[in-house]
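Trainee: Could you pick one part of this model and take me through it closely? I would like to understand how strand pairing is read and what packs against it.

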Amino acid sequence: MDTKETIISWLAAGDEESDKLIDLPWRVKKHGDYLILDHDQVPFKIHMIFLPETLQIYMRTEIETAVIESEPRLAIYRSLLLLNRQIEHVKFMLAGMNEEVTLRVDLPLERITKDAIDVTLNLLLTSLYIMANVLHIEEEFNQQILGWMFKMIGEFMKQGKTKKDVEKILTGKIGISKEDAEEILSQVYPLARNGEAEDRLYG
């Protein structure tokens, strides 16, 4: 089985109760070497492009900067440039005729594992959360994103991880800065620890 078919098999054989993004039952549309992944609990479609040596995984945010006035558009561009320096493994970029804000991660095909895909999906959603805060558009995105942040951190806590352990995972495995990890934990960890996440989001 080739890499693309292996990934499709991982994505299709999911469980709605899973706390891992890779283990959700994704709806997968195939267009040659291009996949579109869709799930009701994830705010945006995930796109995958298979190149000869690289898998590009990206998320389009539907923020179209071409139709925004000059001053706020320049502020968005500046924020994206800063985020590109701040978050090492994610590329914040503009795509298409309408210059849509897009987040992308590139993975070498030779290093693809199920865990690597899951880490990348978590990194994209975590980066989207950080971007939403930077651009002050939290209300548009954060309800569903926070749901997954709670699930991800709650799963670490079920494994007996301390707050310091979770911070190390966010900065090491997920790949965000210490400052961003501390900010996320200050918002999410107290609710996850007290079991309030579901009530806060859906109650």
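Mentor: Two strands pair if DSSP finds at least two bridges between them. The strands themselves (E, at least two residues) and the helices (H or I, at least four) are DSSP runs, numbered from the N terminus. This is a predicted model, in which local features need pLDDT of at least 70 and side-chain atom pairs count only at pLDDT 80 or more, while totals for chains, interfaces and linings use all residues. Residues are numbered from 1 along each chain as its sequence is written, and side-chain values use heavy atoms, leaving out hydrogens and water.

With that in hand, let's start in the middle of the sheet. E3 and E4 pair in the antiparallel sense over five bridges, and together they form a hairpin with three residues between them. To find that pairing in the structure, look for His47, whose bridge partner in E4 is Tyr58. On the other side, four bridges join E2 to E3, again antiparallel, and there Tyr34 stands opposite Ile49 in E3. E3 is mostly covered, as four of its five residues are buried (under 20% relative accessible area, with exposed meaning over 50% and partly exposed in between, for a 1.4 Å probe and protein chains only).

Now step back to the whole sheet. It is an open sheet of six strands in the order E1-E2-E3-E4-E6-E5, with antiparallel pairing. Its edges are strand E1 (27-31) and strand E5 (91-95), each of which pairs on one side only. Ignoring direction, neighbouring strands are turned against each other by 25° on average. For this angle and the others below, axes are lines fitted to C-alpha atoms, for helices over the stretch in contact, and angles run from 0 to 180 degrees between N-to-C directions.

Next, follow the sheet to the E5 edge. Five bridges join E5 to strand E6 (residues 100-108), and the two run antiparallel. Two residue pairs make good landmarks: Met93 stands opposite Thr102 in E6, and Phe92 stands opposite Leu103 in E6. E5 and E6 form a hairpin with four residues between them, and Gly96 in its turn has a positive phi of about 80°. Glu99 lies in the loop between E5 and E6 as well. Glu99 has a positive phi of about 50° although it is not a glycine, and at 29% relative accessibility it counts as partly exposed. Compare Glu62, which is found in strand E4: it too is not a glycine, yet has a positive phi, of about 70°. At 61% relative accessibility, Glu62 counts as exposed.

What packs on this sheet? Returning to E5 and its five bridges to E6, we find H2 packed on the sheet, touching E5 and E6, its direction making about 145° with that of E5. H3 also packs on the sheet, touching strand E3 (46-50), strand E4 (54-64), E5 and E6, and its direction makes about 155° with that of E6. Contact here means heavy atoms within 4.5 Å.

The two helices also meet each other. Helix H2 (residues 70-86) and helix H3 (residues 114-134) pack at an angle of about 140°, with their axes 11 Å apart. H2 and H3 are therefore oblique to each other (under 35 degrees counts as roughly parallel, over 145 as roughly antiparallel, 65 to 115 as roughly perpendicular and the rest as oblique). From H2 come Ser79, Leu80, Leu83 and Gln86, which meet Ile130, Met131 and Val134 in H3. By class, that contact has five nonpolar, two polar and no charged residues. Here Ala, Val, Leu, Ile, Met, Phe, Trp, Tyr, Cys and Pro count as nonpolar, Asp, Glu, Lys and Arg as charged, and the others, Gly among them, as polar.

Ser79 of H2 deserves a click of its own. Ser79 is buried, with a relative accessible area of 13%. Leaving aside residues up to four places away in sequence, Ser79 touches Val134 and Leu135.

Finally, set this part in the chain as a whole. The protein chain has seven helices and six strands, and buried residues make up 46% of its 203 residues. Among its contacts between residues at least 6 apart in sequence, 56% join residues at least 24 apart.
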